[in-house]
Amino acid sequence: MPFKNPLSHADLRFIRERQPWNPDVIALLWEVKRLRSILLRAYQLSGDFKRPAGITGELYDDFMRDLQHEPCVLERDDMKDALMEPSNRLRKGMAPR
């Protein structure tokens, strides 16, 4: 049976806001956060991983492809891109260019 679509950070926050009183939900969300951090670390290190030979090479390729489509990785990349965009807003005390 295939997995359901992955949840984004906004989806997880919405779950948290719906059930702030439920300690089981809070515990599960902390576990999800921990697992997402592991995926982000794997993504950060993925450039240094060597592709194994043999049948495990295909598993490696699948893992790397799936890793790039994880919501936490996509959200991180979007956040990085937003931070790196040049700002057109004038800062306090700055004259227009």
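## Close-up views of a four-helix chain

**View 1. Helix α4 and its neighbours.** In this view, the residues of α4 that are buried pack against two other helices, α2 and α3. The model shown here and in the views that follow is a predicted one, and residues are numbered from 1 along the chain. Helix α4 has 14 residues, and the distance from its first C-alpha to its last is 20 Å, close to the 20 Å expected at 1.5 Å a residue. The buried residues of α4 are Pro71, Cys72, Val73 and Asp77. One of these, Asp77, has a relative accessibility of 18% and therefore counts as buried, since the cut-off is under 20%.

**View 2. The chain as a whole.** Four helices and zero strands are found in the chain, which gives the pattern α-α-α-α when it is read along the sequence. Of the 97 residues in the chain, 15% are buried, and the chain exposes about 8,800 Å², of which carbon and sulfur atoms supply 59%. Among the contacts in the chain with a separation of 6 or more, 49% join residues that stand 24 or more positions apart.

**View 3. Helix α3, seen by its buried and exposed residues.** Helix α3 takes in residues 56-68, and its 13 residues should span 18 Å at 1.5 Å a residue, which agrees with the 19 Å that separates its end C-alpha atoms. Which residues of α3 are buried? They are Gly57, Tyr60, Met64 and Leu67, and because they cover an arc of only 90° around the axis, they lie on the same side of α3. An α-helix has 3.6 residues a turn, so residues three or four places apart point the same way. Glu58 and Leu59, by contrast, are exposed on the other side of α3. The buried residues of this helix pack against α2 and against α4, the latter formed by residues 71-84.

**View 4. Leu29 and the residues it touches.** Leu29 is a residue of helix α2, and its relative accessibility of 17% is the reason why it counts as buried, the cut-off being under 20%. When residues up to four places away in sequence are not counted, Leu29 touches Leu12, Ile15 and Arg16. For one of these partners, Arg16, the C-alpha atom is separated from that of Leu29 by 7.7 Å, although the two residues are 13 residues apart along the chain.

**View 5. A salt bridge between helices α2 and α4.** The whole structure holds five salt bridges, and one of them is formed by the side chains of Arg36 and Glu75, at 2.6 Å from N to O. Because Arg36 belongs to helix α2 and Glu75 to helix α4, this pair ties together parts that are 39 residues apart in sequence. Are the two partners buried or partly exposed? Arg36 is buried, with a relative accessible area of 16%, whereas Glu75, at 24% relative accessibility, counts as partly exposed.

**View 6. Salt bridges of Arg65 with Asp62 and of Arg76 with Asp77.** In the first pair, the side chains of Arg65 and Asp62 meet at 2.6 Å, N to O. Both residues lie in helix α3, where they are three residues apart, about one turn of the helix. Arg65 is partly exposed, with a relative accessible area of 43%, and Asp62 is likewise partly exposed, with a relative accessible area of 32%. In the second pair, the side chains of Asp77 and Arg76 form a salt bridge at 2.8 Å, N to O. Here Asp77 counts as buried, at 18% relative accessibility, while Arg76 is partly exposed, with a relative accessible area of 28%.

**View 7. A nonpolar patch on the surface.** Three residues, Leu45, Phe49 and Phe63, form this surface patch, and together they have about 270 Å² of accessible area. Leu45 belongs to helix α2, which is made up of residues 23-45. With a relative accessibility of 45%, Leu45 counts as partly exposed.

Terms used:
Predicted model: local features only at pLDDT ≥ 70, side-chain atom pairs only at ≥ 80, totals over all residues. Heavy atoms only, no water. Buried < 20%, exposed > 50% of the residue type's maximum accessible area, 1.4 Å probe, protein only. Contact = heavy atoms within 4.5 Å. Areas by Shrake-Rupley, 256 points an atom, 1.4 Å probe, with all protein chains shown as cover. Patch = residues over 30% accessible without salt bridge, like charges linked within 9 Å, V, L, I, M, F, W, Y side chains within 5 Å. Salt bridge = Lys/Arg side-chain N within 4 Å of Asp/Glu carboxyl O. Expected span 1.5 Å × (residues − 1). Arc of directions from axis to C-beta.
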